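Here is a set of questions and answers on one protein chain. Take a look at the model before reading on.

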Amino acid sequence: MNERIRRGHTLSEPLVFELSSPGRRGVSLPEPDVPARPLAAYLPAGDMRDVPPELPEVSEVDVVRHYTRLSTLNYHPDRAMYPLGSCTIKHNPKVNEDMAALPGFARLHPMQQDETCQGSLQLLYELSHYLAEIAGLDGVSLQPAAGAHGELTGLMIMRAYHENRGHARRKVIIPDSAHGTNPASVTLVGYETVQIPTNAHGLVDTGRLAELIDEETAAFMLTNPNTLGLFESEIRTIADIVHDAGALLYMDGANLNAVLGITRPGDMGFDVVHFNLHKTFSTPHGGGGPGAGPVGVRSDLVRFLPTPVPVKDGDTYRFDYNRPDSIGRVRSFGGSFGMMVRAYAYIRANGPDGLRQVSENAILNANYIMRRLEKHYPRTVLVHGAQKETPIPAEVPCQHEFVASGTRFREHGVRMLDIAKRLLDYGFYAPTIYFPLIVPEAAMVEPTETESKESIDQFIDAMTAIAEEVENDPELVRNAPHTTPVSRLDEARAAHPKTLNLRYRKPETE
Ligand SMILES: *Cc1c(COP(=O)(O)O)cnc(C)c1O
């Protein structure tokens with residue numbers, strides 16, 4: 001079985017400075033045919049260097065090969081499967097890139113008059129309507145720059161709604177399985193987070209919700225399917241409890257990849273939802289940005305949406321700025337426009353049936369992996385206050401992702417972190433680990449719909465091989481990765497920019 005598993009790369013690459021050789025040149029330009037003026041003619045003497053900078057002296061081929069080799073050290077979905085749960089990292093069709101690069105889109109100036117960019121306004125208008133239809137809601141703002149920014153925008157809208165009714169309220173209820181951005185967004189709008197524990201089925205405890213909710217509760221923020229990859233089957237009861245208390249129901253839409261064309265947040269009773277275009281709608285995650293986190297709302301919240309909103313008058317499109325109840329602008333111009341073009345292309349290319357197929361295949365892929373791995377990687381949840389984990393009932397399917405626990409590896413001194421590191425040796429990116437917090441030694445696996453059965457089988461083989469290694473040679477797993485250019489980094493230091501030394505200094509030569 002092991003021969004089928006691809007080994008990781010063993011390449012390492014020096015810095016471009018270390019490739020330098022005195023006098024080597026990348027390009028040779030002809031002598032100028034006009035008199036050369038000294039640099040001092042352009043720059044004040046005080047701004048001039050005494051000695052030239054020590055830039056690397058390399059040829060064109062040195063540079064091309066250096067960066068090409070570096071690009072192969074990078075892990076990305078164009079290279080192999082990326083099972084990172086919650087983040088939905090799927091293959092992004094290349095045609096989306098072509099569409100976003102069309103000169104009419106790429107060369108657009110954000111200050112251009114509406115009549116000179118009707119096509120782009122039409123795209124924004126239609127995209128917001130497609131997203132509203134997909135969500136079963138009535139209005140969408142495309143402005144927010146990411147999911148977390150969408151949460152903030154949604155919370156600002158809900159706060160404006162309550163203030164408009166005369167009482168802003170104080171609290172927002174959030175399950176203990178929630179993504180960290182949820183309580184952070186709640187705090188930013190000046191609300192207080194109240195945590196609700198997850199029950200032994202991995203779902204919201206509706207009895208507890210009814211006890212916790214009161215006239216100071218502004219909203220209940222829920223992810224559905226939740227971050228355990230389980231569908232909140234009592235969602236209609238939850239919506240009734242929330243609405244009876246005069247509160248609003250917010251959906252963190254990061255897991256929308258499981259519901260496209262199957263069900264709609266609005267039909268489930270959600271009042272506000274954010275979309276992560278860079279997760280569900282195949283736009284790049286882009287190393288920290290830009291993303292896009294549009295927000296959809298039900299009809300009586302539409303007037304609070306950020307301004308401006310793309311509208312259609314007869315046959316023409318324009319931005320509507322005349323929105324007196326709007327929470328205002330949350331981002332410059334129309335938002336991450338290039339992301340909108342990609343998401344629009346994706347939705348148009350798939351159509352309603354194709355989008356449903358996306359979710360059905362994502363769910364099928366996740367269940368296939370979950371079932372084939374459950375012997376080694378069982379699904380469990382630690383119910384609030386309990387000493388021991390409870391197994392998720394075997395008959396319950398997962399949605400587009402699942403969360404397995406690695407506590408059974410503890411007796412061999414192996415943690416889920418070690419297993420994630422070992423997976424790198426097998427040529428895979430690691431799943432999300434240690435999230436959600438209610439699963440000890442958590443690994444959250446999300447294959448997405450774009451993986452073939454062959455690549456999924458390779459992943460299963462690798463995970464199985466590692467579980468066997470833990471029993472036979474735990475040291476091998478504990479010290480992984482063995483085949484990457486660098487092994488275990490100090491993660492705390494790496495995340496702390498002040499302690500990192502990023503400046504190259506030439507070694508002293510005499
Ligand atoms: C990714 C994610 C977010 C935050 O979205 P960003 O686009 O990364 O800001 C929020 N909630 C869940 C469940 C997520 O997976």
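**Packing, sheets and salt bridges**

Q: Against which elements do the buried residues of helix 6 pack?
A: This is a predicted model. The buried residues of helix 6 pack against one helix and several strands. These partners are helix 5, strand 2, strand 3, strand 4 and strand 5.

Q: Which residues of helix 6 are buried?
A: Helix 6 spans residues 181–188. A residue counts as buried under 20% relative accessible area. In helix 6 that picks out Asn 182, Ser 185 and Val 186.

Q: Within what arc do the buried residues of helix 6 fall, seen down its axis?
A: The buried residues of helix 6 line one face of the helix. The face turned away from them carries exposed residues, Thr 187 and Leu 188. The buried ones line one face because they fall within an arc of 100 degrees.

Q: Which residue with a positive phi follows helix 6?
A: The phi value is near 90 degrees. The residue that takes it after helix 6 is Gly 190.

Q: Which strands stand at the edges of the seven-stranded sheet?
A: The sheet is open, with mixed pairing and the order 1-7-6-5-4-2-3. Each edge strand has a single partner strand, so one side of each is left without a neighbour in the sheet. The twist averages 25 degrees from one strand to the next. The edge strands are strand 1 (139–141) and strand 3 (192–196).

Q: Which residue in strand 3 stands opposite Ile 174?
A: Strand 2 (residues 171–175) and strand 3 pair over five bridges. The sense of this pairing is parallel. Opposite Ile 174 stands Gln 195.

Q: At about what angle does helix 5 run to strand 5?
A: Helix 5 covers residues 147–164. Helix 5 lies across strand 2, strand 4, strand 5, strand 6 and strand 7. To strand 5 (248–252), helix 5 runs at about 175 degrees.

Q: Which residue takes a positive phi in the hairpin of strand 8 and strand 9?
A: Strand 8 (residues 309–313) and strand 9 (residues 316–320) pair in the antiparallel sense over five bridges. Pro 310 has Phe 319 as its bridge partner. Two residues lie between the strands, and a positive phi near 60 degrees is taken by Gly 314.

Q: Which residues are linked with Asp 313 in a network of salt bridges?
A: Asp 313 meets Arg 318 in a salt bridge of 2.4 Å, N to O. Arg 318 is partly exposed at 32% relative accessible area, and Asp 313 is partly exposed at 35%. The network links Asp 313 with Arg 318, Asp 320 and Arg 323.

Q: How many residues apart in sequence are the parts tied together by Arg 422 and Glu 469?
A: The side chains of Arg 422 and Glu 469 meet in a salt bridge (2.7 Å, N to O). Arg 422 is buried at 4% relative accessible area, and Glu 469 is buried at 12%. Arg 422 lies in helix 11 and Glu 469 in helix 12, so the pair ties together parts whose separation in residues is 47.

Q: Which residue in strand 14 stands opposite Thr 432?
A: Strand 12, strand 14 and strand 13 form an open sheet in the order 12-14-13. Strand 13 and strand 14 (residues 442–445) pair in the antiparallel sense over two bridges. Opposite Thr 432 stands Met 444.

Terms used:
Residues are numbered from 1 along each chain as its sequence is written. This is a predicted model: local features need pLDDT of at least 70, side-chain atom pairs count only at pLDDT 80 or more; totals for chains, interfaces and linings use all residues. Side-chain values use heavy atoms; hydrogens and water are left out. Two strands pair if DSSP finds at least two bridges between them. Helices (H or I, at least four residues) and strands (E, at least two) are DSSP runs, numbered from the N terminus. Axes are lines fitted to C-alpha atoms, for helices over the stretch in contact, and angles run from 0 to 180 degrees between N-to-C directions. Contact means heavy atoms within 4.5 Å. Buried means under 20% relative accessible area, exposed over 50%, partly exposed in between (1.4 Å probe, protein chains only). The arc is that of the directions from the helix axis to the C-beta atoms. A salt bridge is a side-chain nitrogen of Lys or Arg within 4 Å of a carboxyl oxygen of Asp or Glu.
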